[in-house]
Amino acid sequence: MTKGEHAITGADLDWDSAAATFDDEPDHGLRDPEVRRAWASRLRSWLPDRASDVLDLGCGTGSLSLLAAEQGHRVTGVDRSPAMVDLARAKLAGRDAVFLVGDAAAPPVGEERFDVVLVRHVLWALPDPGRALRHWRGLLRPEGRFVLVEGVWDTLAGAGPAGIPADRLTDLLAPLAGRVRVERLSDDEPLWGRAVTDERYAVVATA
């Protein structure tokens, strides 16, 4: 384990069991109109202005995929949980979106390439974030971009913090991206539906 990464990962969590209540969290289901507007605004600023191919890795129930599709993008979502994928497919029925069951670290997309790799709260759950980023870099078209929403927070009671700090993530991206921008999100209360005090941020990096 390298400095700046935390020992807790999500690899052993039962995401299928979590699927039924996953959207109960304000920033997961985006059911509150204010929270939804906050994420839609951020996503619009992070994604390209033109219609683009977006790969949403660890897509969960598809809430960010839905926002991207509503903004005119074509979405491919990947999640290891069949239950999550079923919910995402239902949520985006009739949209220009495809959802696949698979490993976010090595998504089953074959030779397809994308304009954006969108990832929210997934890197912390992977045993080797650097390796995943290098693989994702190969899935981007020229001038493609990473949109990575991560943080460090208390996820498991009594087990200490989980996540990946912004400085660690920017270090991992340095050899992979020409331009890297960090946006601090902890103080943007509407994103989370409540006040938060832990580290939350987004990195937008152009390959």
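# Strand β4 and its surroundings

Let me begin with a pairing inside this predicted model: strand β4 and strand β5, the latter covering residues 140-154, lie beside each other in the parallel sense, and six bridges connect them. Within that pairing, V117 is found opposite F146 of β5. To get from β4 to β5 the chain travels through helix α6, residues 129-137, and the β-α-β crossover that results is right-handed.

On β4 there is a further partner to mention, namely strand β1, residues 53-57, which pairs with β4 over four bridges, again in the parallel sense. Here L57 is the residue that stands opposite V119 in β4.

So much for the partners; what about the burial of β4 itself? The strand runs over residues 114-120, and seven of its seven residues are buried, so β4 is largely enclosed by the rest of the structure.

I would like to stay for a moment with V119, a residue of strand β4, because at 0% relative accessibility it counts as buried. If we set aside the neighbours within four places in sequence, V119 is in contact with L57 and W136, and also with V147, L148, V149 and E150. There is also a distance worth pointing out on the screen: V119 and G58 are separated by 61 residues in sequence, while their C-alpha atoms are 6.6 Å apart in space.

Moving along the chain, we come to H121, which is placed in the loop between β4 and α6. Is this residue buried or exposed? With a relative accessible area of 19%, H121 is buried, since the cut-off for that word is under 20%. Leaving out residues up to four places away in sequence, H121 touches D27, V149, E150, W153 and W192. Its backbone also deserves a remark, as phi of H121 is near 55°, which is a positive value in a residue other than glycine. For background, most residues other than glycine have a negative phi.

A second residue with this feature is E143, which is not a glycine and yet has a positive phi of about 65°. E143 is placed in strand β5, and at 56% relative accessibility it counts as exposed, whereas H121 is buried.

Let me now turn to another parallel pair, in which five bridges join strand β2, residues 74-79, to strand β3, residues 97-101. V75 stands opposite A97 in β3. Between these two strands the chain passes through helix α5, residues 82-91, and this β-α-β crossover is right-handed, as is the one that leads from β4 through α6 to β5.

The next residue I want to show you is S186, located in the loop that lies between β7, residues 179-184, and α8, residues 189-192. At 16% relative accessibility, S186 counts as buried. Which backbone oxygen does the side chain of S186 reach? It is the one belonging to D198, at 2.6 Å. Beyond its neighbours within four places in sequence, the contacts of S186 are W192, V196, D198, E199 and R200. W192 therefore appears in two of the contact lists I have read out, as it is touched by H121 and is also in contact with S186, where being in contact stands for heavy atoms within 4.5 Å.

Finally, let us step back and look at the protein as a whole, whose secondary structure comes to eight helices and eight strands. Its radius of gyration is 16 Å, close to the 17 Å that the globule rule gives for 207 residues, so the protein is as compact as a globular protein of that length. The C-alpha trace spans about 45 × 40 × 30 Å along its principal axes. Of the 207 residues, 52% are buried. As for the contacts with a separation of 6 or more, 66% of them are between residues 24 or more positions apart. The protein exposes about 9,700 Å², and carbon and sulfur atoms supply 48% of that area.

Methods. Residues are numbered from 1 along each chain as its sequence is written. This is a predicted model: local features need pLDDT of at least 70, side-chain atom pairs count only at pLDDT 80 or more; totals for chains, interfaces and linings use all residues. Side-chain values use heavy atoms; hydrogens and water are left out. Buried means under 20% relative accessible area, exposed over 50%, partly exposed in between (1.4 Å probe, protein chains only). Two strands pair if DSSP finds at least two bridges between them. A crossover is right-handed if, with the strands pointing away from the viewer, the path from the first strand over the helix to the second runs clockwise. The radius of gyration is taken over C-alpha atoms; the globule rule is 2.2 Å times the number of residues to the power 0.38. Accessible areas come from the Shrake-Rupley method with a 1.4 Å probe; for residues, only the protein chains shown count as cover. A polar contact is a pair of N or O atoms within 3.5 Å; within protein, one must be able to donate a hydrogen and the other to accept it, and residues adjacent in sequence count only if both atoms are side-chain atoms.
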